[in-house]
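Student: I would like to learn how to read helix packing, sheets and ring pairs in a model. Can we go through one together?
Tutor: Yes, here it is.

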Amino acid sequence: MKRPRRARPEAPAVDLGLAELAANRVAIEAVSPEIDAGRFPAKAVAGHPFVVEADIFCDGHDSIAAALLIRRADTTGWREIPMSPIHNDRWRGTTVVEDNARYVYTVIAWRDLFESWREEVTKKHAAGVDIALELTEARNLLVHTRDAGDRGSAADREGLEALIASIDATDGKAGRLDILLSAEAAELMRRVAIRTNLSRHERELPLTVDREAAAFSAWYELFPRSMSDDPGRHGTFDDVVAKLAYVRDMGFDVLYFPPIHPIGTAFRKGKNNTLEPGPDDPGSPYAIGSPDGGHEAIHPELGSFEDFTRLIAAARDHGLEIALDFAIQCSPDHPWIRQHPEWFDWRPDGTIKYAENPPKKYQDIVNVHFYREAFPAVWYALRDIVLFWAGHGVRIFRVDNPHTKPFPFWEWMIADVQAKHPDVIFLAEAFTRPKVMKRLAKIGFTQSYSYFTWRNTKAELTDYLTELTRTECRHYMRPNFFVNTPDINPVYLQTSGRPGFRVRAVLAAALGGSYGVYSGFELCEGTPIPGREEYLDSEKYEIRAWDWDRPGNIRADIALLNRLRRESPAMRDFTNLAFHNAWNDNILYFARSTPAKDDFLLFAVNLDPHNGQGADFEIPLWEFGLPDEAAIDARNLVTGEDFVWHGKTQHMWLDPDAFPYLIWRLLPFDGARA
């Protein structure tokens, strides 16, 4: 019986708000990454995959499709990347972002009527249900798509015409069904089909794409003035040039200097931070500014700008990039104090207020003010300092104590500098409260100091690294695992001897995307001021001469680790870290691997620098689809030995005086055995 005809009712007036709501039928939720509802950008690396996920679903049982849209922020044309379902209505899209630039991305989804038809008719046909009407419905859908004609290329539209003609020219339901269910028809309709109930995520999200050194780098810090190897002679940039091969041969790629600017004499500090300097004491390089100039000048004893330019070029020839310290503080002799007294805090008695972090006092340093009469002039002046050094070839800045300066300043300054020089990297030296450190990363700092320096036990390291690699902060915070700094001589290093330095080196290099050491670490230097996490006879206050070949040094360990980092694709993704079972709380056991498992590294580290430790541990055979009793080829990357592991459970022994750590590469594609 056919449906009786009846008069068409008069259509009511269209409520545009209701129509918009009705069309937005596909739900898009929990987009990741999405930092504070799009207030801050996520971070990615040029030339590396960028992954976006979202919960995407719709009412009913229709098939849906989704796509990631992405474009450079300075363009208008979107690039579309199909998303695929993972599980439980979670979808994922992956693309490679090629340019060191700012991007924008979002997610769209729609009801896929042709795919819904394919699924329905396949089930009906398999169940023996007559599908004559379904075939007519499919042709009608193709015709409607052709008549809409708003998607696909000219060739695609010609292909659609040919598809319709092919169906019309084919006798029999089976033949038409084969055409409609073909992979070619499905692919064509993915390109040209009407996107019914096309829905869009409510926000376009920002993305900062940095060069690879932003996420993967090995830093070496030294004081240029100590590079003469004579405590009686101030080092120069030329002395640093003579040390470049030493740094290069350990495998570092960033060479970082504390401030290189003129040092004031007012309230100058003497050895070990005393208030009574001798006539030859050089003072702290953080007391910036003298009659020789301020932040845009070089300390005369280091050399000239011509010398600095020659150093930059020589470093580049050695595969090294120079990083400078950007410290927003001034000696009482800084020219700004006379030129811009309104930029500073003054006490009621007319004296300038020096810096303090009670109980610590920094009598040789005064801080600038960012507001009141100083705003906005001091903001521009500070930005121009960074631009000045960028103009002299510097592209990496370690920023001293950024958490004591206003968040809005950093957000503006970093964005403004990177608009002119997208390749500039900023490292936040902020050992402070967790939320403050994360905010600094959100507002633009490329890398961040971390709590790694004080995480020593298996539980501490596991919990902290899990937070950094598995929670939301992995999308915007890139930790730099410095093992020590001129300000921090960790208790662990003071008390652990040479094995402890080797342990901390492998932990920093293997756990971190970026890591750093302050010179002397490779020499196992850890002599403290008793009872304090500070170095005795600190280079911050005097010129030191080092025995670069000191017996017991660990340069070979560092070179091995840096070579492994450079040569292993698995080491270039900080978030691929996975902890595995080793049944001893003194042994940290973890893996780094590529998604395809074609580079799979295992690390075992004895956290006890005083005693040998052993443990049963599991080889992650399941990662390769192998049963527990399988065998797998492996290579010991410390000794160079090749061997075969039989079965999932093995045993290790780590002697701190011989091998406090071991590194293995699994070789399943060369010789995995079931």
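Student: At what angle do helix 2 and helix 3 pack, and how far apart are their axes?

Tutor: Keep in mind that this is a predicted model. Helix 2 (residues 113-126) packs on helix 3 (residues 132-148) at about 165°, and the axes are 11 Å apart. Angles over 145 degrees count as roughly antiparallel, so helix 2 is roughly antiparallel to helix 3. The crossing of helix 2 past helix 3 is left-handed.

Student: Which residues make that contact?

Tutor: From helix 2 come L113, F114, W117, E120, V121 and K124. Helix 3 brings E134, L135, A138, L141 and L142. By class, the contact of helix 2 with helix 3 has eight nonpolar, no polar and three charged residues.

Student: Now helix 7 and helix 8. At what angle do their axes cross?

Tutor: At roughly 10°, with the axes of helix 7 (residues 237-249) and helix 8 (residues 305-317) coming within 9 Å. Angles under 35 degrees count as roughly parallel, and helix 7 and helix 8 are therefore roughly parallel to each other. On helix 7, the contact uses F237, D238, V240, V241 and L244. On helix 8, D307, F308, R310, L311, A314 and A315 take part. Sorted by class, the contact of helix 7 with helix 8 has eight nonpolar, three charged and no polar residues.

Student: How are helix 10 and helix 11 oriented to each other?

Tutor: Start with the geometry. Helix 10 (residues 377-391) and helix 11 (residues 407-420) pack at about 40°, with axes 10 Å apart. Helix 10 and helix 11 are therefore oblique to each other. Helix 10 makes a right-handed crossing with helix 11. Helix 10 offers W379, Y380, L382, R383, V386 and L387 to the contact. Its partners on helix 11 are P408, F409, W412, M413, D416, V417 and K420. The contact of helix 10 with helix 11 has 10 nonpolar and three charged residues, and no polar ones.

Student: On to sheets. In what order do the eight strands of the open sheet run?

Tutor: Read the order from edge to edge. It is 17-16-15-12-11-10-19-18, with parallel pairing. Strand 17 (447-448) and strand 18 (480-482) are the edge strands, each pairing on one side only. Strand 18 pairs with strand 19 (residues 514-518) in the parallel sense, over three bridges. For one bridge, take N480: its partner in strand 19 is S514.

Student: Is the pairing parallel or antiparallel in the sheet of six strands?

Tutor: Antiparallel, in an open sheet ordered 20-21-22-27-24-25. The edges are strand 20 (578-579) and strand 25 (642-646), each pairing on one side only. Strand 22 (residues 600-606) and strand 27 (residues 661-666) pair over six bridges in the antiparallel sense. V605 has Y661 of strand 27 as its bridge partner.

Student: Which strands does helix 14 lie across?

Tutor: Helix 14 (residues 491-511) lies across strand 21 (587-593), strand 22 and strand 27, at about 30° to strand 21. Helix 15 (residues 555-567) lies across strand 22 and strand 27, at about 25° to strand 27.

Student: Last, ring pairs. How many aromatic pairs are there?

Tutor: The count is 44 aromatic pairs. Among them, W219 and Y256 are edge-to-face, with 6.1 Å centre to centre and 65° between the planes. This pair links distant parts of the chain: W219 is in strand 10 (residues 217-221) and Y256 is in strand 11 (residues 254-257), 37 residues apart.

Methods:
Residues numbered from 1 in each chain as written. Predicted model: local features only at pLDDT ≥ 70, side-chain atom pairs only at ≥ 80, totals over all residues. Heavy atoms only, no water. Pairing = 2+ DSSP bridges. Helix = DSSP H or I, 4+ residues; strand = E, 2+ residues; numbered from the N terminus. Contact = heavy atoms within 4.5 Å. Axes fitted to C-alpha atoms, helices over the stretch in contact; angles between N-to-C directions. Parallel < 35°, antiparallel > 145°, perpendicular 65-115°, else oblique. Left-handed = near helix turned anticlockwise from the far one by under 90°. Nonpolar A, V, L, I, M, F, W, Y, C, P; charged D, E, K, R; others polar. Phe/Tyr/Trp six-rings, centres within 6.5 Å; stacked < 30°, edge-to-face > 60°.
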